[in-house]
Amino acid sequence: MNDYFNNICLLVNNNPLDQEIFGRALNEVSPETFYCIATNCQAALEMITIGHFKPDIIFVELDMPGMDGVEFLKRLKSKPLYKDIDVIVHTFRKPSRHLEILEAGAMAIYSKEYYYEGVYNILYLYGLPPFGSFHLN
């Protein structure tokens, strides 16, 4: 993991309440971090690979419509240019997939329901530096 990011975080999540919780927590932990939201894994992968956008850290939901978080990880990590991006996967419904998630390249798994303190703690734990936001669908 990087000691200091270039202050770019990507959230891949299609739930507006989760997006709000994440944004508030990130703003508290790392107010200088710029973050983007992709509402599905395909859009996130295209933003990164086609749009040449390289976030320092990605927080991705496991259960997404279409491509899920594990498939996203596998595709992202298969490209040498993006192997070093830190990815945290969120799931609280499928703890049986934790090994599969880690083997696909996740650096961590957040396995609780979205709530402010939990998201704050995981972001703080993984060292985001001291936010602006734009939204991609």
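pLDDT is the predictor's confidence in each residue, on a scale from 0 to 100. The structure above is a predicted model, and these exercises walk through it with that score in hand.

**Exercise 1. Find which elements of the chain have the lowest and the highest mean pLDDT, and where pLDDT stays under 50.**

Step 1. Begin with the whole chain: its mean pLDDT is 85, and 85% of its residues reach 70 or more.

Step 2. Now go element by element. Strand S6 (residues 133-136) has the lowest mean, 38, while H3 has the highest, 96.

Step 3. Look for runs of low values. Over residues 1-5 pLDDT stays under 50, and the model has 14 contacts beyond four places in sequence for them. Residues 130-137 also stay under 50, with 31 such contacts in the model.

Step 4. A word of caution for reading such stretches: where pLDDT is low, the predicted coordinates should not be read in detail.

**Exercise 2. Work out which residues of helix H3 are buried and where they lie around the helix.**

Step 1. H3 spans residues 69-77, and its buried residues are Gly69, Val70, Phe72, Leu73, Leu76 and Lys77.

Step 2. Look down the axis of H3: these buried residues fall within an arc of 160 degrees, so they line one face of the helix.

Step 3. Next, see what lies over them. The cover includes helix H2 (41-49), S3, strand S4 (86-90) and helix H4 (98-104).

Step 4. Finish at the start of H3, where a side-chain oxygen of Asp68 comes to within 3.2 Å of the backbone nitrogen of Val70.

**Exercise 3. Describe the aromatic pairs Phe59-Tyr110 and Tyr116-Tyr120.**

Step 1. Searching the whole structure gives 7 aromatic pairs. In one of them, Phe59 and Tyr110 are tilted, at 6.1 Å centre to centre with 50 degrees between the planes.

Step 2. Place this pair in the chain. Phe59 belongs to strand S3 (residues 57-61) and Tyr110 to strand S5 (residues 108-110), so the pair links distant parts of the chain, 51 residues apart. Both Phe59 and Tyr110 are buried.

Step 3. Turn to Tyr116 and Tyr120, another tilted pair, with centres 6.0 Å apart and planes at 35 degrees. They sit 4 residues apart in helix H5 (residues 116-125), so about one helical turn separates them.

Step 4. Check their accessibility: Tyr116 is partly exposed at 22%, and Tyr120 is partly exposed at 28%.

Step 5. Zoom out to the cluster: Phe22, Tyr35, Phe59, Tyr110 and Tyr114 form one aromatic cluster.

**Exercise 4. Explain why Cys36 forms no disulfide.**

Step 1. A search of the whole structure finds 0 disulfides.

Step 2. For Cys36, the closest cysteine sulfur is that of Cys9, 8.6 Å away, which is too far for a bond. The cut-off for a disulfide is 2.5 Å between the sulfur atoms.

Step 3. Add the surroundings: Cys36 is buried, with a relative accessible area of 0%. Cys41 is buried too, at 0% relative accessibility.

**Exercise 5. Say what stands out in the backbone of His52, and whether His52 is buried or exposed.**

Step 1. Recall the background: most residues other than glycine have a negative phi.

Step 2. His52 is not a glycine, yet its phi is positive, at about 55 degrees.

Step 3. Locate His52 in the loop between H2 and S3. With a relative accessible area of 65%, His52 is exposed.

Conventions:
Residues are numbered from 1 along each chain as its sequence is written. This is a predicted model: local features need pLDDT of at least 70, side-chain atom pairs count only at pLDDT 80 or more; totals for chains, interfaces and linings use all residues. Side-chain values use heavy atoms; hydrogens and water are left out. Rings of Phe, Tyr and Trp (its six-membered ring) pair if their centres lie within 6.5 Å; planes under 30 degrees apart count as stacked, over 60 as edge-to-face and the rest as tilted. Helices (H or I, at least four residues) and strands (E, at least two) are DSSP runs, numbered from the N terminus. Buried means under 20% relative accessible area, exposed over 50%, partly exposed in between (1.4 Å probe, protein chains only). The arc is that of the directions from the helix axis to the C-beta atoms. Contact means heavy atoms within 4.5 Å. A polar contact is a pair of N or O atoms within 3.5 Å; within protein, one must be able to donate a hydrogen and the other to accept it, and residues adjacent in sequence count only if both atoms are side-chain atoms.
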